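Work through the exercises below with the sequence and the model open. Each task is followed by its solution.

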Amino acid sequence: MLFEYTRRRGARSPVTDAPTFRVRSLSEAAQPKADLSHLIDRSYNYHSPRELRWHLAERLGLAPGSFSLREAA
């Protein structure tokens, strides 16, 4: 299973002072028109794609290694 996300700019992290991003949209790559953005908190400032992957895995009840995640071009 492969998920694609489109990022939008977030704020700087008050803890690490690193840039963050928010998710504009999330879809399954095989069904790009099927918006799955409701599965995650789009107002959350993610620090990395890895963090997004863990949040998505938790929501889906899957192991983080059982699916792929990539940023849409």
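**Exercise 1.** How many aromatic pairs does a search of the whole structure find?

Solution. Rings of Phe, Tyr and Trp (its six-membered ring) pair if their centres lie within 6.5 Å; planes under 30 degrees apart count as stacked, over 60 as edge-to-face and the rest as tilted. The search finds four such pairs. This is a predicted model: local features need pLDDT of at least 70, side-chain atom pairs count only at pLDDT 80 or more, and totals for chains, interfaces and linings use all residues. Residues are numbered from 1 along each chain as its sequence is written, and side-chain values use heavy atoms, leaving out hydrogens and water.

**Exercise 2.** Classify the pair F3 and F67, then place both residues.

Solution. The ring centres of F3 and F67 are 5.5 Å apart and the planes stand at 90°, so the pair is edge-to-face. F3 belongs to strand β1 (residues 2-12), F67 to the loop between α1 (49-60) and β4 (68-71), so the pair ties together parts 64 residues apart in sequence. Helices (H or I, at least four residues) and strands (E, at least two) are DSSP runs, numbered from the N terminus. Buried means under 20% relative accessible area, exposed over 50%, partly exposed in between (1.4 Å probe, protein chains only). F3 is buried at 2%, and F67 is buried at 2%.

**Exercise 3.** Which residues of α1 are buried?

Solution. They are E51, L52, L56 and A57. These residues pack against β1, β2 (19-28) and β4, where contact means heavy atoms within 4.5 Å. Just after α1, G61 has a positive phi of about 70°.
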